[in-house]
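Work through the exercises below with the sequence and the model open. Try each task before reading its solution.

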Amino acid sequence: MSTTADFERMLRRAALRVTAPRIAVLAAVHEHPHSDTDTILGLVRGTLGTVSHQAVYDVLRALTEAGLLRRIQPMGSVARYETRVGDNHHHLVCRSCGVIADVDCAVGEAPCLTAADDNGFRLDEAEVIYWGLCPVCSPSSPSRSQP
C-alpha cells in the first residue's frame, strides 16, 4: 500500500512540486484504479474539502504527462486513470456493466504484439482492450442463476 510519503517521493522523482491536490489525486487513483474524472474529483473533495474540477483536470494531466498515471479511454467510455504504468498491460472491459480489469501483456515484452507492417515506426507499446462479459454479468455466472 502506498503512503503519502511514497506519493511525495514519486512526485519529487518526476520533478513535480509536492502539493496536497497531487497527493490526493495519486491516492484516489491508487485506491480506485480505472476511475473517471468525476469519481476522482469526489474522492479528492472527500479528502481535501473544496477543490475545483479544473484543478483536478490539471493535476490528472500533469501526472499523466509525468508518467505517474496512465490514461485509458475504452470505446464509448470517458477517460479513466490508473497508477499501474510502465508495464504495457492491457484491459478487460465488460460490455454490460463497464467494469474494467487489468490483464498482463498479451505475449512477451512490450509492445507485446508484432504489427504486420510497422510502416517504419519504432514500436514501444500496444494498447489492447478485450471486450466481453464479466463474471457477474455473464449469463452462465452462478450469481445470475435462479434457484
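## Cysteines

The structure holds 0 disulfides, a disulfide being a pair of cysteine sulfur atoms within 2.5 Å. This is a predicted model, in which local features need pLDDT of at least 70 and side-chain atom pairs count only at pLDDT 80 or more, while totals for chains, interfaces and linings use all residues. Residues are numbered from 1 along each chain as its sequence is written, and side-chain values use heavy atoms, with hydrogens and water left out.

**Exercise 1.** Explain why the sulfur of Cys-94 has no bond to the closest cysteine sulfur, then treat Cys-97 in the same way.

*Solution.*
- Step 1. For Cys-94, the closest cysteine sulfur belongs to Cys-134; the distance is 3.7 Å, which is too far for a bond.
- Step 2. For Cys-97, the closest cysteine sulfur is that of Cys-94, and 3.7 Å is again too far for a bond.
- Step 3. Cys-94 is buried because its relative accessibility is 3%. Buried means under 20% relative accessible area, exposed over 50%, and partly exposed in between (1.4 Å probe, protein chains only).
- Step 4. Cys-97, with 48% relative accessibility, is partly exposed.

## Strands

**Exercise 2.** Find the strands that pair with β4 and state the sense of each pairing.

*Solution.*
- Step 1. Strand β4 covers residues 90–94, and 4 of its 5 residues are buried. Strands (E, at least two residues) and helices (H or I, at least four) are DSSP runs, numbered from the N terminus.
- Step 2. β4 pairs with β5 (residues 100–103) in the antiparallel sense, over 4 bridges. Two strands pair if DSSP finds at least two bridges between them.
- Step 3. Within this pairing, His-90 has Val-103 of β5 as its bridge partner.
- Step 4. β4 and β5 make a hairpin with 5 residues between them, and Gly-98 in the turn has a positive phi of about 85°.
- Step 5. β4 is also joined to β6 (residues 129–132) by 4 bridges, and these two strands run parallel. Here the bridge partner of His-91 is Ile-129 in β6.

**Exercise 3.** Which strands stand at the edges of the open sheet of 3 strands?

*Solution.*
- Step 1. The order in this sheet is β1-β3-β2, with antiparallel pairing.
- Step 2. β1 and β2 (70–72) are the edge strands; each has a single partner strand, so one side of each has no neighbour in the sheet.
- Step 3. The pairing of β2 with β3 (residues 80–82) is antiparallel and has 3 bridges. Arg-70 has Glu-82 in β3 as its bridge partner.

## Positive phi

**Exercise 4.** Compare the surroundings of two residues with a positive phi, Ala-15 and His-34. Is each buried or exposed?

*Solution.*
- Step 1. Most residues other than glycine have a negative phi.
- Step 2. Ala-15 has a positive phi of about 60° and lies in the loop between α1 (4–13) and α2. Ala-15 is exposed because its relative accessibility is 71%.
- Step 3. His-34 has a positive phi near 70°, in the loop between α2 (20–31) and β1 (35–36). His-34 is buried, at a relative accessible area of 9%.
- Step 4. The side chain of His-34 has a polar contact of 2.8 Å with that of Glu-82 and one of 2.8 Å with that of Asp-102. A polar contact is a pair of N or O atoms within 3.5 Å; within protein, one must be able to donate a hydrogen and the other to accept it, and residues adjacent in sequence count only if both atoms are side-chain atoms.
- Step 5. Not counting residues up to four places away in sequence, His-34 touches residues including Ile-72, His-91 and Ile-100, where contact means heavy atoms within 4.5 Å.

## Salt bridges

**Exercise 5.** How many salt bridges are there, and where does the pair of Asp-102 and Arg-84 lie?

*Solution.*
- Step 1. A salt bridge is a side-chain nitrogen of Lys or Arg within 4 Å of a carboxyl oxygen of Asp or Glu. The count by this rule is 8.
- Step 2. Asp-102 and Arg-84 form a salt bridge at 3.8 Å, N to O. This pair links distant parts of the chain, 18 residues apart: Asp-102 is in β5 and Arg-84 in the loop between β3 and β4.
- Step 3. A network of salt bridges links Arg-84, Asp-87, Asp-102 and Asp-104.
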